[in-house]
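Okay, thanks for making room for me on the agenda. I'd like to walk you through a protein model, so let me get it up on the screen.

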Amino acid sequence: MLSEKTSSIKLLLTDCDGVLTDAGVYYGEEGEQLKKFNIRDGMAVERLRNLANIDTGIVTGELSPSVTKRAQKLKITELHLGAKDKPAVLQEILSRLNLDASEVAYIGDDSNDLAIMELVGLTAAPADALPFVKEKADYVCTAKGGKGAFREFAELLIRANGKLSEYTGINKTYKLSTGNRIGVGEPCYIIAEIGINHNGSLEIAKQLIDEAVAAKASAVKFQKRTPEICVPKDQWEIMRDTPWGRMSYIDYKRKTEFGVVEYAAIDKYCRELGIDWFVSTWDVEAVNFMEQFDTPIYKLASASLTDFPLIKRILFTGKPLMLSTGMSTNKEIEDAVDLVKKFDEDYPLFIAHSTSAYPCKPEELNLRMIQTLGKKYPGVPIGYSGHETGLATTVAAVALGATFVERHFTLDRAMWGSDHAASVEPQGLQRLVRDIRDVEIAAGDGVKKVYESELGPMKRLRVNISPEFKS
């Protein structure tokens, strides 16, 4: 009976206190009432959306502004605060979305949830819900409110909808918040790594974005550091010649670092042009800074693979994490992946094979590691972050199974700066994207067939022609 109900659900509605939070009352610095939300419950909203095509809505008597902020972060548009008559709210939703009550699930914990629970197709309650609420629920979670109950119920719905298979095993893919997908069977996700090749100029950054769009790259990527954290103190006052004159190393790093004004402009520009953008964050404060922007992924540079506090901070954002594995041992890769899996077995994770030499010699690229990582971590999309000169080896990485690739990108390899020499110029990026797409098309489906274009040569050149081709 439960399986019949779960398979038809299109919308999951939830109360807030006692389900998405632990029902505690907390206050901010100015006395405003706050809520504590569980990261696992938040991730369930995106998993429902991506894996089962089920939307989430909040129907609550609460008026806390923190609930509104949480809904905005999770992209929940069906938000009903201060709801005194929940059945009336339900009827309005059903009418507006053209849904039947049997297509709606609800999870609640208190007496004010009973009326709406009697109307919907499927109900659940957290483990610490009121006893008479649990008696009315179709499913009682083992987890408490604010401790994963919503995630538990969401996973039940995902399994029942039978759509988890496309995200598990060798064919696992992941849909980003921008709509693009990364994984086996999807077009290779091609990242034009701008990094710090903008040399501190927003105008150069926009030119690079323009060229990436013209090349039909999937995304552009930058790097975000907090110089006071990332630059060792003993190097701060070392003098350096720069395009802006002779200055201390810390001032030089500050000069090339974009702030909120530049990244706000980049965010707007990329949205207008329809290209994904995100960053590699090099420290915890950089993650805190980037959380004000709605980027689809966080990249972890190879140098940061052993920085567990940084990894944990990214995990608490709930956004997909792309790990790069240059300069790393198998044990270091295993430890980083184990950290992610212990946080959440189903955390959206990508792993990029890489060798951290700039530029990298062909004999050190070791592209077969793409297949090694794929076998070691089945279900995790594996990619390639390249620092070589030339394009052929990056195209070969795709032929070997890379589901995403990343190459440093510049307007001119002769420009001043540390990464330009190991970067691809605009024409090179266009050729790279073109050649990768040609390889994907040429790979075919592995099923032998005789093409229409072969019939003419067959009839001219073959002595014995199979009966089906003689007419």
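Let me start with a puzzle: which residue in E15 is the bridge partner of phenylalanine 222? Have a look while I give you the background.

First, a caveat: this is a predicted model. The protein has 471 residues, and 51% of them count as buried. You'll find 18 helices and 20 strands in there. Along the principal axes, the C-alpha atoms fill a box of roughly 80 × 70 × 40 Å. And if you take contacts between residues at least 6 apart in sequence, 61% of those join residues at least 24 apart.

Okay, back to the puzzle. The partner is valine 279. Phenylalanine 222 sits in strand E12, residues 219-224, and six bridges link E12 to E15, residues 276-281, with the two strands running parallel. E12 also pairs with E11, residues 189-195, through four bridges, and those two are parallel as well. On that side, valine 220 in E12 has alanine 192 opposite. Put helix H8, residues 202-214, into the picture, and E11, H8 and E12 form a right-handed β-α-β unit.

So how many of the six residues of E12 are buried? Six of the six. As a rule, side chains in a regular strand alternate between the two faces of the sheet. Here both faces are covered: Ala219, Lys221 and Gln223 are buried on one side, and Val220, Phe222 and Lys224 on the other. Yes, there are two lysines in that list, Lys221 and Lys224, and both are buried.

Now the core. In soluble globular proteins, nonpolar side chains tend to be buried together. The largest nonpolar core in this model has 66 residues. Val220 and Phe222 are among those with the most contacts inside that core, and so are Tyr263 and Trp277. Tyrosine 263 is a nice one to click on: leaving out neighbours within four places in sequence, its contacts include Phe222, Trp277, Val279, Phe289 and Phe293. There's also a second, separate core of 30 residues, with Leu12, Ile58, Ala71 and Leu74 among its members.

Let's jump to a helix, H15, residues 369-376. Its buried residues are Met369, Ile370, Leu373 and Gly374. Looking down the axis of H15, those buried residues fall within an arc of 145°, so they line one face of the helix. And what covers them? Strand E18 (349-354), strand E19 (382-386) and helix H16 (392-399) are among the elements that do.

Last topic, cysteines, since somebody always asks. How many disulfides does a search of the whole structure find? Zero. Take cysteine 270: the nearest cysteine sulfur belongs to cysteine 188, and that is 19 Å away. Cysteine 270 is buried, with a relative accessible area of 0%.

Cysteine 230 is partly exposed, at 28% relative accessible area. You'll find cysteine 230 in helix H9, residues 227-230. Not counting residues up to four places away in sequence, cysteine 230 touches Arg225, Trp282 and Asp283. Arginine 240 is ten residues along from cysteine 230, and their C-alpha atoms are 17 Å apart.

That's my tour. If you keep one picture, make it E12, with E11 on one set of bridges and E15 on another. Happy to take questions.

Key
Residues are numbered from 1 along each chain as its sequence is written. Side-chain values use heavy atoms; hydrogens and water are left out. A nonpolar core is a set of buried Ala, Val, Leu, Ile, Met, Phe, Trp, Tyr and Cys residues joined through side-chain atoms within 4.5 Å. Buried means under 20% relative accessible area, exposed over 50%, partly exposed in between (1.4 Å probe, protein chains only). Contact means heavy atoms within 4.5 Å. Two strands pair if DSSP finds at least two bridges between them. A crossover is right-handed if, with the strands pointing away from the viewer, the path from the first strand over the helix to the second runs clockwise. The arc is that of the directions from the helix axis to the C-beta atoms. A disulfide is a pair of cysteine sulfur atoms within 2.5 Å.
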